[in-house]
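Student: I would like a close look at a single part of this structure. Please choose a good one and show me how it sits in the whole.

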Amino acid sequence: MHAFNLQPKTLTLAERLADMAVDALIDEAGLSPKPALVDRRGNGAHTDLHLGLMHASALSLWPAFKEMAEAAIAFGEVGLPLREAIGQIGRDGEQEMLATTHDVNTHRGAIWALGLLVTGAALEPQSSDASAVALRAARLSLLDDRYAPRPLSHGAQVAQRYGARGAREEAQLGFPAVIQRALPQLKRSRAAGHGEQSARLDALLAIMTQLADTCVLYRAGEQGLHTMQLGAQAVLDAGGSASLAGRRRLHELDQQLIALNASPGGAADLLAACLFIDRIESCDGVIQGAF
Ligand SMILES: CC(C)(COP(=O)(O)OP(=O)(O)OC[C@H]1O[C@@H](n2cnc3c(N)ncnc32)[C@H](O[C@H]2O[C@H](COP(=O)(O)OP(=O)(O)OP(=O)(O)O)[C@@H](O)[C@H]2O)[C@@H]1O)[C@@H](O)C(=O)NCCC(=O)NCCS
Ligand SMILES: Nc1ncnc2[nH]cnc12
């Protein structure tokens, strides 16, 4: 007679990183109340998205994140061969995402940001502090993938109209919205004794205070972007999402952004990137042990 094997399976480094990336996406999607974004309350400014779709999309990306980490381990250094390998894996992952969501763009920006960060983390698991991982990701993003198509994406249209370079520039600068704003705010809010959900909302707001979110610009122009940036700052100035005054401001911001059809999808992706890096930093030993 066979007994079930109840021993926990030892995960590879690539599998652990893929788990952490997908967990970060699922945590971001469920975090509530996020202004004008999909969350547990509803669809925000979106007509074609809902929480179940965000979860299905996140899960569909697990193989892509795992393959990117495996590519990093196989190539072993930042360089064009690795850049082009993860570019292809990212494009395949995007097709998988679109097949899962019936052509709705749920996580394009997240594949880019988290894909680069997963790769940056897998390259040197013994050096997993936030800045080091972001720096390796930035160096990869600066390399020109010869096979990347150049469609007239929403981001490209916004770049032409407003000069904002969005997701590409954020990565090339080493994810300043994550490293300089979201992670410090997350730690400050935790240290102030705010609950974990409020600390994460504050981290999202910190990203929104300065981000050139091409999703917002495309949908609502400069007025939308200013409303997002000033409104997010007003919530933080009022005491953040854990305070009553901050909650009131957050509710106002939600209403204003929905009225403008302005969804901060880029900021949401960067919150997921922040939660991923936060996990890596707090699971240092786990990552390093996973060879
Ligand atoms: C280099 C790429 C990032 C492509 O960039 P580009 O700007 O040309 O392309 P976009 O298609 O606009 O995608 C960029 C997405 O990045 C998010 N984002 C926006 N601003 C920022 C920012 N400042 N910093 C970081 N990230 C940002 C944002 O993603 C979220 O929004 C998505 C919804 O957006 P959109 O499609 O415009 O949807 P809607 O307004 O809802 O439109 P309708 O459908 O209703 O009409 C949502 O998915 C969030 O994720 C931007 O959308 C890179 O992606 C690339 O080269 N991709 C090609 C594949 C590849 O080679 N990948 C490599 C993997 S390593
Ligand atoms: N929660 C969310 N709502 C809308 N767009 C998003 N893109 C990434 N996360 C999102």
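Tutor: Let's begin with how confident the predictor is: pLDDT is its confidence in each residue, from 0 to 100. The protein chain averages a pLDDT of 95, and 95% of the residues score at least 70. The model also scores ipTM 0.96 and pTM 0.95. This is a predicted model, in which local features need pLDDT of at least 70 and side-chain atom pairs count only at pLDDT 80 or more, while totals for chains, interfaces and linings use all residues. Residues are numbered from 1 along each chain as its sequence is written, and chains are lettered from A and ligands numbered from 1 in the order in which they are written.

The part I have chosen is the surroundings of ligand 1, but a look at the whole chain comes before that. The protein chain has 14 helices and 0 strands (DSSP runs numbered from the N terminus, with H or I over at least four residues for a helix and E over at least two for a strand). The radius of gyration of the protein chain, taken over C-alpha atoms, is 19 Å, close to the 19 Å that the globule rule gives for 291 residues, so the chain is as compact as a globular protein of that length. That rule is 2.2 Å times the number of residues to the power 0.38. Along the principal axes, the C-alpha atoms fill a box of roughly 60 × 45 × 40 Å. Of the 291 residues, 51% count as buried; buried means 20 or more other C-beta atoms within 10 Å of a residue's own, exposed means 12 or fewer, and partly exposed is in between, with C-beta atoms placed from the backbone.

Now to ligand 1. There are 36 residues around it, and Gly90, Gly109, Gly155, Gly265 and Gly266 come nearest (a residue is near a molecule if its C-beta atom, placed from the backbone, lies within 6 Å of it). The shell divides into 14 nonpolar, 14 polar and 8 charged residues. Here Ala, Val, Leu, Ile, Met, Phe, Trp, Tyr, Cys and Pro are nonpolar, Asp, Glu, Lys and Arg are charged, and the others, Gly among them, are polar. Helices that each supply at least two residues of this shell include H4 (80-101), H5 (108-123), H11 (214-237) and H13 (265-282).

H5 gives the most to the shell around ligand 1, with 8 residues. H5 is also mostly covered, since 16 of its 16 residues are buried. You can check its length with a ruler: at 1.5 Å a residue, the 16 residues of H5 should span 22 Å, and its end C-alpha atoms are 23 Å apart, which agrees. The expected span is 1.5 Å times one less than the number of residues. Just before H5, in the loop between H4 and H5, you find His102. His102 has a positive phi of about 55° although it is not a glycine, and it is exposed, with 8 other C-beta atoms within 10 Å.

From H5 you can step outwards to Ser141, which belongs to helix H6 (residues 130-141). Its partners beyond four places in sequence are Leu116, Arg168, Ala171 and Gln172 (contact means C-beta atoms, placed from the backbone, within 7 Å). Ser141 and Gln172 are 31 residues apart along the chain, yet their C-alpha atoms are separated by 5.6 Å. Ser141 itself is buried, with 25 other C-beta atoms within 10 Å.

H13 leads in another direction, to ligand 2. The largest share of the shell around ligand 2, 3 residues, comes from H13. Of the 14 residues around ligand 2, Ala29, Leu37, Val38, Gly265 and Ala268 come nearest. So Gly265 is listed among the nearest residues for ligand 1 and for ligand 2. The shell around ligand 2 holds 7 nonpolar, 5 polar and 2 charged residues.

Finally, look at what packs against H13. The buried residues of H10 pack against helix H9 (176-191), H11 and H13. As 11 of the 13 residues of H10 are buried, H10 is largely enclosed by the rest of the structure. One of its residues, Ile207, touches Ala267, Leu270 and Leu271 among others beyond four places in sequence.

Note on methods: Contact = placed C-beta atoms within 7 Å.
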